[in-house]
Amino acid sequence: MKKVLTIAGSDCSGGAGIQADIKTITVHNMYAMSVITALTAQNTTGVSGVMEVTPEFIEKQMDMVCSDIYPDAVKIGMLANKDIIDIVEDKLKQYELKNIVLDPVMISTSGSKLLQDNAIDALITKLIPLATVITPNIPEAECLCGFPIRTKEEMQKAAEVIARHYSGSILIKGGHLEECSDDLLYEEGACHWYQQYKVSNPNTHGTGCTLSTAIACNLAAGRCIRDGVAAAKSYITGALEANLNLGKGSGPLNHCYRLA
Ligand SMILES: Nc1ncnc2c1ncn2[C@@H]1O[C@H](COP(=O)(O)OP(=O)(O)O)[C@@H](O)[C@H]1O
Ligand SMILES: Cc1ncc(COP(=O)(O)O)c(N)n1
């Protein structure tokens, strides 16, 4: 059985973060492990509090996981602050972890800050260079490239700018586009578009977490990035289409729709 580690924040309402990741890994028939970076008190309507885990305790979690059950792939989500980024960087290097999918989580769908502003530089200079693939959504890609993105052409320009400082693959997710939800993979100077119909479903809490974890599972299975993204995009479309309608706000996906 392949083993996948998620390094991310906890979402007590189960739709995003560690909880979404563990469900995703499990339905991919893989063994899920987690290093929790922060507890969030949140639900489908918003985030009411964040409690960050100390870097010392993150170090302990990383050591206990990696010295015992070595992960085949790693997904990284919410990191909260600079000290957490520093320790995660050290541990990724110490254990020579591979197949790293980095979702540069900055703000939740509901509008709460999940990464301190003064940590963005550390994310860009320390962690992004270690990633096999990064998966920014449009607001996160705007932060990385420095200009607004409204169209597919601007997504492509953004990927080209981000690629000037980063040699890994870049997946800019199009969930925030008006007319479609096409995702762009920029790999070694070439653009690959992943086009699936836009599902008319306002319940998109945890889509980014779920997509990046599905990609990590596909890399753990030995798939190349292009195939891994294609399979993950198809999984997320199905999970949205299954139309689980829970909560009073932007609800969660049905991670288990393929088991039905
Ligand atoms: N309404 C939708 N229909 C189909 N796919 C969607 C929809 N909304 C988001 N997605 C897909 O979900 C994944 C996550 O995208 P996005 O919502 O942009 O990320 P984030 O959750 O990080 O903001 C992407 O593959 C995107 O194309
Ligand atoms: C712990 C945690 N991690 C990540 C997200 C982002 O997910 P989304 O963009 O779907 O709100 C979140 N809301 N909570």
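At what angle do helix 5 and helix 6 pack, and how far apart are their axes? Keep that in mind while you load the model, which is a predicted one.

**Stop 1: helix 5 and helix 6**

Select residues 138-145 for helix 5 and residues 152-162 for helix 6. The two pack at an angle of about 45°, and their axes are 9 Å apart. That angle makes helix 5 oblique to helix 6. Turn the view until one lies over the other and you'll be looking at a left-handed crossing. Now show side chains: on the helix 5 side pick Ala-141, Leu-144 and Cys-145, and on the helix 6 side pick Ala-158, Val-161 and Ile-162, which they meet. By class, this contact has 6 nonpolar residues, with no polar and no charged ones.

**Stop 2: helix 1 and helix 7**

Next, go to helix 1, residues 17-27, and bring up helix 7 with it. Here the packing angle is about 40° and the axes are 9 Å apart, so helix 1 and helix 7 are oblique to each other. The crossing of helix 1 past helix 7 is right-handed. To see who does the touching, select Gly-17, Ala-20, Asp-21, Thr-24 and Ile-25 from helix 1, then Cys-209, Thr-210, Thr-213, Ala-214 and Cys-217 from helix 7. Colour that set by class and you get 5 nonpolar, 4 polar and 1 charged.

Stay on helix 1 for a moment. Is it mostly covered or mostly open? Mostly covered: 8 of its 11 residues are buried. Click through them and you'll visit Gly-17, Ile-18, Gln-19, Ala-20, Asp-21, Lys-23, Thr-24 and Ile-25. What covers them includes strand 1, strand 2 (31-43), strand 4 (73-76) and helix 7, so switch those on too. After helix 1 comes Asn-29, which has a positive phi, near 65°.

**Stop 3: ligand 2**

Centre on ligand 2. Of the 17 residues around it, Gly-9, Ala-16, Gly-17, Ser-108 and Thr-109 come nearest. Gly-17 is one you've met already, as part of the helix 1 contact with helix 7. Strand 1 (3-11) and helix 7 (207-220) each supply at least two residues of this shell. Sorted by class, the shell has 6 nonpolar, 10 polar and 1 charged residues.

**Stop 4: Ser-108**

Pick Ser-108 out of that group. You'll find it in the loop between strand 5 (100-102) and helix 4 (120-127). Why does Ser-108 count as buried? Because it has 22 C-beta neighbours inside 10 Å, and the cut-off for buried is 20 or more. Leaving out neighbours within four places in sequence, Ser-108 is in contact with Val-47 and Leu-114. Try a distance label from Ser-108 to Val-47: C-alpha to C-alpha it is 8.3 Å, although the two are 61 residues apart in sequence.

**Stop 5: ligand 1**

Finish at ligand 1, which has 19 residues around it. The closest are Asn-137, Lys-173, Gly-175, Ser-181 and Gly-208. Helix 7 and helix 8 (225-241) are the elements that give two or more residues to this shell. Which element gives the most? Helix 8 does, with 4 residues. By class, the shell around ligand 1 has 4 nonpolar, 11 polar and 4 charged residues. Before you close the viewer, highlight helix 7 once more: it gives residues to the shell around ligand 1, supplies residues to the shell around ligand 2 and packs with helix 1.

Methods:
Residues are numbered from 1 along each chain as its sequence is written. Chains are lettered from A and ligands numbered from 1 in the order in which they are written. This is a predicted model: local features need pLDDT of at least 70, side-chain atom pairs count only at pLDDT 80 or more; totals for chains, interfaces and linings use all residues. A residue is near a molecule or strand if its C-beta atom, placed from the backbone, lies within 6 Å of it. Ala, Val, Leu, Ile, Met, Phe, Trp, Tyr, Cys and Pro count as nonpolar, Asp, Glu, Lys and Arg as charged, and the others, Gly among them, as polar. Axes are lines fitted to C-alpha atoms, for helices over the stretch in contact, and angles run from 0 to 180 degrees between N-to-C directions. Angles under 35 degrees count as roughly parallel, over 145 as roughly antiparallel, 65 to 115 as roughly perpendicular and the rest as oblique. A crossing is left-handed if the near helix is turned anticlockwise from the far one by less than a right angle, and right-handed if clockwise. Two residues are in contact if their C-beta atoms, placed from the backbone, lie within 7 Å. A residue is buried if 20 or more other C-beta atoms lie within 10 Å of its own, exposed if 12 or fewer, and partly exposed in between; C-beta atoms are placed from the backbone.
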